[in-house]
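Visitor: Could you take me on a close look at one part of this protein, namely its nonpolar core and a helix that contributes to it? I would love to follow how the pieces fit together.

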Amino acid sequence: ASIAEPPAGLTAACVAMATAAGNTPRLLPGGSGRGCSDAEGAGGPEGARPVPAEPPSLSPGWAEVLAAAAGALQAGGLVAVPTDTVYGVACLAQDSRAVRSIYGLKGRNGRKPLAICLGDVEHIYRYCHVNVPDELLRDLLPGPVTLVLKRSEELNKDLNPFTSLVGVRIPNHPFIRELARACSGPLALTSANISSQASTLTVSEFQDLWPQLSLVIDGGPVGDVQSPECRLGSTVVDLSVSGKYTIIRPGCALQSTVEILRQKYGLVPESS
């Protein structure tokens with residue numbers, strides 16, 4: 001399959017219907033994303049990364065896109081989405097069959113956990129036991145950070161059954177946040193690539209996965225494709241131990257995340 005030029009009057013950002021038959025995907029208007037914050041501060045030009053669009057509710061085209069994506073997820077499908085770091089693949093976290101499909105899509109180790117994606121900070125409390133100030137959550141989220149917390153009993157037991165923890169993402173991207181709000185429960189979210197391969201910044205970079213996806217949301221490039229820093233993904237930090245933090249993956253927002261944790265909240269590395 002290949003992405004055709006969108007009809008006149010539509011933006012380059014679009015929704016591509018993935019098909020196994022190799023037909024040209026159907027296009028609908030979509031939105032743009034935002035690159036990783038620390039990477040921008042480290043020398044990347046501000047204009048090199050798309051800026052978030054206005055909230056989807058302000059654009060009639062967004063409603064059709066959101067409805068299509070939410071419908072695909074509710075039907076148990078896998079949907080590729082732009083985020084504030086790299087492209088991701090999402091499904092309903094409470095749908096055990098869909099969760100297994102993500103592992104199959106990526107060829108992922110069954111003991112490598114999936115993060116959940118939510119639309120707003122207040123939703124974290126339903127699916128996690130939070131032992132840090134609410135202000136800390138809001139200082140880091142939405143943003144290019146995954147916070148690892150103790151999971152609650154509300155979360156699907158088939159999602160990461162081998163651990164009592166779960167990573168939480170609230171990307172700073174209007175489309176995926178609205179999509180998470182439109183669904184009845186959390187999304188399971190992982191990067192749109194085969195495990196061990198590079199993260200992707202455009203939909204064409206994971207075109208081999210299209211036949212296994214229900215929808216591909218094309219938000220345009222979410223970072224500078226020539227910059228390795230833009231492929232680092234979110235910074236993953238474990239906050240499950242009170243007063244301490246552990247960096248699980250440095251990611252693209254390491255410096256700013258550590259500064260907030262240490263200087264503003266007095267947290268110390270768990271090894272200390």
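Guide: Happy to! Keep in mind that this is a predicted model. Let's begin with I124, whose contacts, leaving out residues up to four places away in sequence, are L118, V130, L137, L141, L149, V168 and I170. I124 belongs to the largest nonpolar core, a set of 51 residues, and is listed with I116, F206, L213 and L239 as the members that touch the most others. Several elements each supply at least two residues here: β4 (88-92), α3 (96-106), α4 (124-127), α5 (134-140), β7 (145-151), β8 (165-169) and α7 (254-264). The top contributor is α3, with five residues. A separate core of 21 residues lies apart from this one, and V81, F175, L187 and I217 are among its members. As a general background, nonpolar side chains in soluble globular proteins tend to be buried together.

Now for the helix, α7. Its residues T257, V258 and L261 are buried. These three sit on the same side of α7 because they span an arc of only 95 degrees around the axis. That fits a general rule: an α-helix has 3.6 residues a turn, so residues three or four places apart point the same way. Turn to the other side of α7 and you will find Q255 and Q263, both exposed. And what do the buried residues of α7 pack against? Their partners are α5, β7, β11 (235-238) and β12 (244-249). To finish at the end of the helix, α7 is followed by G266, which has a positive phi, near 70 degrees.

Terms used
Residues are numbered from 1 along each chain as its sequence is written. This is a predicted model: local features need pLDDT of at least 70, side-chain atom pairs count only at pLDDT 80 or more; totals for chains, interfaces and linings use all residues. Side-chain values use heavy atoms; hydrogens and water are left out. A nonpolar core is a set of buried Ala, Val, Leu, Ile, Met, Phe, Trp, Tyr and Cys residues joined through side-chain atoms within 4.5 Å. Buried means under 20% relative accessible area, exposed over 50%, partly exposed in between (1.4 Å probe, protein chains only). Helices (H or I, at least four residues) and strands (E, at least two) are DSSP runs, numbered from the N terminus. Contact means heavy atoms within 4.5 Å. The arc is that of the directions from the helix axis to the C-beta atoms.
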